[in-house]
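This briefing concerns the structure shown below. The points that follow are grouped by topic for a reader who has the sequence and the coordinates at hand.

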Amino acid sequence: RAKHDGRNLHRFFSEAMQAVVAERASLELKLRAALAENRFRLFYQPQLDSTGRLIGAEALLRCFDTHGSMISPASFIPLAEETGLIVPIGDWVLQAACAQLRVWQAHVATGDLSLSINVSAKQFHQPDFVAKVTAAIERHRVNAGLLKIELTESVVIGDIETTVARMKQIKALGVRFALDDFGTGYSSLSYLKRLPFDQLKIDQAFVRDMDDGNSSDAIVRAILAISQSLDLEVVAEGVETSAQHERLLQRGCVMFQGYLFGKPVPIEAWPVG
Ligand code: C2E
Ligand code: MG
Ligand code: MG
Ligand code: MG
């Protein structure tokens with residue numbers, strides 16, 4: 001009887017695993033097809049200063065299937081990273097973002113908007129990444145100072161010097177760097193001091209959980225203090241309520257992004273331009 005159960009259990013697990021493998025294979029095929037058929041889009045989420053002025057946007061990737069349904073990046077970015085598809089997808093993001101930045105630059109009302117793109121560690125460490133960023137800036141003739149690259153702490157793989165050197169090469173073009181989801185990873189303060197970031201983005205988990213005097217509030221205050229002493233800009237992510245906004249303003253935060261101000265939207269729905 002035990003043997004019988006064991007066999008059933010084995011069959012159960014192998015079927016479940018096959019289902020997972022099949023689902024991943026199908027998603028990978030969908031991503032390849034979406035790339036070939038130009039079904040990726042950038043959505044733009046506004047970023048505001050303390051006076052409520054629009055200062056820029058974060059470009060967030062969306063993938064559409066053949067029926068027009070949207071596939072969320074949370075579900076496809078990890079697989080794209082594993083399969084290496086993130087490299088051609090990331091190339092597309094870089095081109096699309098620079099093309100949009102160029103359009104904004106051509107108009108007075110949008111000429112000083114910055115645009116942030118998310119770059120995964122795998123993409124960043126490709127040998128030709130610096131060359132690709134350089135080429136995109138030249139090709140679209142964008143003001144590099146308005147382009148920002150968001151990295152997460154996972155970008156530091158192996159020795160930190162490699163990452164620092166690469167960041168410096170890109171910064172020499174005028175491009176700026178933001179450290180995304182700050183507070184959720186493992187980076188020590190000494191790392192933060194050595195990596196030439198311009199901006200920290202407070203992870204939305206802290207913004208969401210922040211309440212007077214609780215641990216998230218303490219973390220937010222600490223991040224703001226650190227950023228002040230290291231001369232870094234800070235953006236609070238995931239601001240959904242005016243209570244959160246007020247509290248962040250009280251703590252000295254001056255840049256904001258979140259549903260309170262606007263969800264990510266396709267360019268047709270962007271408020272200015
Ligand atoms: P992220 O870069 O930290 O982006 C912020 C995420 O929070 C976005 O999710 C955004 O839609 C969401 N968000 C913004 N404001 C609020 C809010 O007020 N409340 C809530 N609940 N959520 C908010 P999204 O667009 O689903 O993207 C998820 C993640 O996928 C991004 O996190 C980023 O890590 C990754 N990603 C998106 N686009 C790209 C891309 O072009 N390349 C790469 N490598 N990764 C990307
Ligand atoms: Mg981001
Ligand atoms: Mg983030
Ligand atoms: Mg994130």
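In this predicted model, Asp 180 forms a bridge between the magnesium ion (ligand 3) and the magnesium ion (ligand 2), with 4.0 Å separating the two ions. Asp 180 also contacts ligand 1, since an N or O atom of its side chain is 2.8 Å from an oxygen atom of that ligand. The space that ligand 1 takes up is the largest pocket.

**The magnesium ion (ligand 3)**

- Coordination of the magnesium ion (ligand 3) comes from Asp 180 (OD), Asp 181 (OD), Glu 237 (OE) and Glu 237 (OE), at 2.1 to 2.6 Å.
- The donor residues of the magnesium ion (ligand 3) follow the sequence spacing D-D-x55-E.
- Asp 181 belongs to strand β6, whereas Glu 237 sits in the loop between β8 (233-236) and α10 (242-251); the pair therefore ties together parts that are 56 residues apart in sequence.
- Glu 237 counts as buried, because its relative accessibility is 8% and the cut-off for buried is under 20%.
- Asp 181 has a relative accessible area of 27% and is partly exposed.
- The backbone of Asp 181 has a positive phi of about 55 degrees, although the residue is not a glycine.

**The magnesium ion (ligand 2)**

- Glu 58 (OE), Asn 118 (OD1), Glu 150 (OE) and Asp 180 (OD) coordinate the magnesium ion (ligand 2), at 2.0 to 2.2 Å.
- Along the chain, the spacing of the donor residues of the magnesium ion (ligand 2) reads E-x59-N-x31-E-x29-D.
- Two of these donors come from strands: Glu 58 lies in β2 (residues 54-64) and Asn 118 in β4 (residues 114-118), so that the pair ties together parts that are 60 residues apart in sequence.
- Glu 58 is buried, at a relative accessible area of 2%.
- Asn 118, in turn, counts as partly exposed at 31% relative accessibility.

**Ligand 1 and its surroundings**

- Ligand 1 is surrounded by 22 residues, of which Arg 62, Asn 118, Asp 180, Glu 240 and Tyr 259 are the closest.
- Asn 118 thus appears both in this group and among the donors to the magnesium ion (ligand 2).
- A nitrogen atom of ligand 1 lies 2.5 Å from a polar side-chain atom of Glu 240.
- Tyr 259 takes part through its backbone, where an N or O atom lies 2.8 Å from an oxygen atom of ligand 1.
- On its own, ligand 1 has 800 Å² of accessible area, and the protein covers 82% of that area.
- At least two residues of the shell around ligand 1 come from each of β2, α2 (73-83), α3 (86-105) and β6 (176-182).
- The element that gives the most to this shell is β2, with four residues.
- Strand β2 also holds Glu 58, one of the donors to the magnesium ion (ligand 2).

**Strand β6 beyond the metal donors**

- Phe 182 is found in strand β6, as is Asp 181.
- With 7% relative accessibility, Phe 182 counts as buried, whereas Asp 181 is partly exposed.
- Phe 182 and Val 235 are 53 residues apart along the chain, and their C-alpha atoms are separated by 10.0 Å.

**Other local features**

- Asn 38 is a residue other than glycine with a positive phi, near 55 degrees.
- The position of Asn 38 is in the loop between α1 (2-36) and β1 (40-49).
- At 44% relative accessibility, Asn 38 counts as partly exposed.
- Leu 189 is part of helix α7 (residues 189-194).
- Leu 189 counts as exposed because its relative accessibility is 52%, and the cut-off for exposed is over 50%.
- Between the C-alpha atoms of Leu 189 and Glu 23 there is a separation of 40 Å, the two residues being 166 residues apart along the chain.

Note on methods. Residues are numbered from 1 along each chain as its sequence is written. Chains are lettered from A and ligands numbered from 1 in the order in which they are written. This is a predicted model: local features need pLDDT of at least 70, side-chain atom pairs count only at pLDDT 80 or more; totals for chains, interfaces and linings use all residues. Side-chain values use heavy atoms; hydrogens and water are left out. Donors are N, O and S atoms within 2.8 Å of the metal (3.2 Å for Na, K and Ca); water is not among the atoms, so sites may look incomplete. Buried means under 20% relative accessible area, exposed over 50%, partly exposed in between (1.4 Å probe, protein chains only). A residue is near a molecule or strand if one of its heavy atoms lies within 4 Å of it. A polar contact is a pair of N or O atoms within 3.5 Å; within protein, one must be able to donate a hydrogen and the other to accept it, and residues adjacent in sequence count only if both atoms are side-chain atoms. Accessible areas come from the Shrake-Rupley method with a 1.4 Å probe; for residues, only the protein chains shown count as cover. On a 1 Å grid over the protein atoms alone, a cavity is a set of points where a 1.4 Å probe fits but cannot get out, and a pocket is an open set with protein on both sides within 12 Å along at least five of seven lines; lining residues have an atom within 4 Å of a point. A molecule sits in a cavity or pocket if more than half of its atoms lie within 2 Å of its grid points.
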